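Here are a few short exercises to work through with the structure open beside you. Try each task before reading its solution.

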Amino acid sequence: MSTAPQQQQHTSICPADLPANVFTLQRTGQLAALFTIIRDTNTHRGDFVFYADRICRLLIEEGLNHLPVVDKSVSTPTGLKYEGVGFEGKICGVSIMRAGEAMEAGLRECCRAVRIGKILIQRDEETAQAKLFYAKLPDDIASRYCLLLDPMLATGGSAIKAVEVLIDHGVPQERIIFLNLVSCPEGLRAMHDAYPKIKIVTAWVDEKLNEQKYIVPGLGDFGDRYFTSN
């Protein structure tokens, strides 16, 4: 006599030992399967891009759930009123180049004509600190809710610097939602310690950073695997 498989337990928030401003996608069988594909070193670029894009879409949909809404009334084709909701304010995406640019298409699929800014941050070889090299942001970014895009969160240095840039341009912490595919406890805590009022939505929390400051088990260099042919 066969038995039904045991039902998996899913959660939309991180475990209690992670910061309260961190949220995760539900760890469904589908999500685990998608991550298994993109983590596999033998996955070719075409498949990596396809399945990474699927995860990005799920991640962005969850990120949009954290935007505030206001009551909105509309008329339906039946001539009746429907009391629904609409987003409270305008949004924009800001990608941390270059890997973050891989998430832009998913955002555009969810939000038509969304404004997108770009930030380039690299490590200063002398100081080993994250340094801003380029920023192109919407002129009215201070009045928008910002979805900050970067697939990987390791030490948190680049993301923390990017948030600093947004704040310098007038964006309050409360209006920033950081979206990323793979994070680690060290990076999440560093982000929380620096900017506790932003929301972090991550698709998966990996085990840790290794001695070389790489996320493990990780998936390698996301930007190289997404943009470089193999």
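**Exercise 1.** Classify Ala130 as buried, partly exposed or exposed, and find what surrounds this residue in the predicted model.

*Solution.*
- Step 1: Take the relative accessibility of Ala130, which is 26%. Buried would need under 20% and exposed over 50%, so Ala130 counts as partly exposed.
- Step 2: Place the residue in its element: Ala130 belongs to strand β6 (residues 130-136).
- Step 3: List the contacts, setting aside neighbours within four places in sequence. Ala130 then meets Ile121, Gln122, Arg123, Gly157, Ser158 and Lys161.
- Step 4: Look at one of these partners, Lys161. Its C-alpha is 6.6 Å from that of Ala130, although 31 residues separate the two in sequence.

**Exercise 2.** Find out which elements build the largest nonpolar core, and which residues have the most contacts inside it.

*Solution.*
- Step 1: Start with the count: the largest nonpolar core has 39 residues, and Leu179 and Phe222 have the most contacts inside it.
- Step 2: Collect the elements that give two or more residues to this core. They are the helices α1 (29-39), α2 (45-64) and α6 (222-227), together with the strands β7 (145-149), β8 (176-183) and β9 (199-205).
- Step 3: Pick out the main contributor. With eight residues, α2 supplies the largest share of this core.
- Step 4: Zoom in on Leu179. Beyond four places in sequence, Leu179 touches Leu59, Ile60, Gly63, Met103, Leu147, Leu148, Leu149, Asp150 and Val201.
- Step 5: Look for a second core. Another one, of 26 residues, lies apart from the largest and includes Leu148, Val163, Val171 and Ile200.

**Exercise 3.** Decide how many disulfides the structure holds, and examine Cys111 as a test case.

*Solution.*
- Step 1: Recall the chemistry: a disulfide is a covalent bond between the sulfur atoms of two cysteines.
- Step 2: Check the distance for Cys111. The closest cysteine sulfur is that of Cys110, 5.9 Å away, which is too far for a bond.
- Step 3: Give the total for the structure, which is zero disulfides.
- Step 4: Add the surroundings. Cys111 counts as buried at 10% relative accessibility, and Cys184 is buried too, at 0%.

**Exercise 4.** Which residues make the nonpolar surface patch of about 280 Å²?

*Solution.*
- Step 1: Name the members: Val69, Val85 and Phe87 form the patch.
- Step 2: Locate one of them. Val69 lies in strand β2 (residues 69-75).
- Step 3: Check its accessibility: at 44% relative accessible area, Val69 is partly exposed.

Terms used:
Residues numbered from 1 in each chain as written. Predicted model: local features only at pLDDT ≥ 70, side-chain atom pairs only at ≥ 80, totals over all residues. Heavy atoms only, no water. Core = buried A, V, L, I, M, F, W, Y, C linked by side-chain atoms within 4.5 Å. Buried < 20%, exposed > 50% of the residue type's maximum accessible area, 1.4 Å probe, protein only. Helix = DSSP H or I, 4+ residues; strand = E, 2+ residues; numbered from the N terminus. Contact = heavy atoms within 4.5 Å. Patch = residues over 30% accessible without salt bridge, like charges linked within 9 Å, V, L, I, M, F, W, Y side chains within 5 Å. Areas by Shrake-Rupley, 256 points an atom, 1.4 Å probe, with all protein chains shown as cover. Salt bridge = Lys/Arg side-chain N within 4 Å of Asp/Glu carboxyl O. Disulfide = S-S within 2.5 Å.
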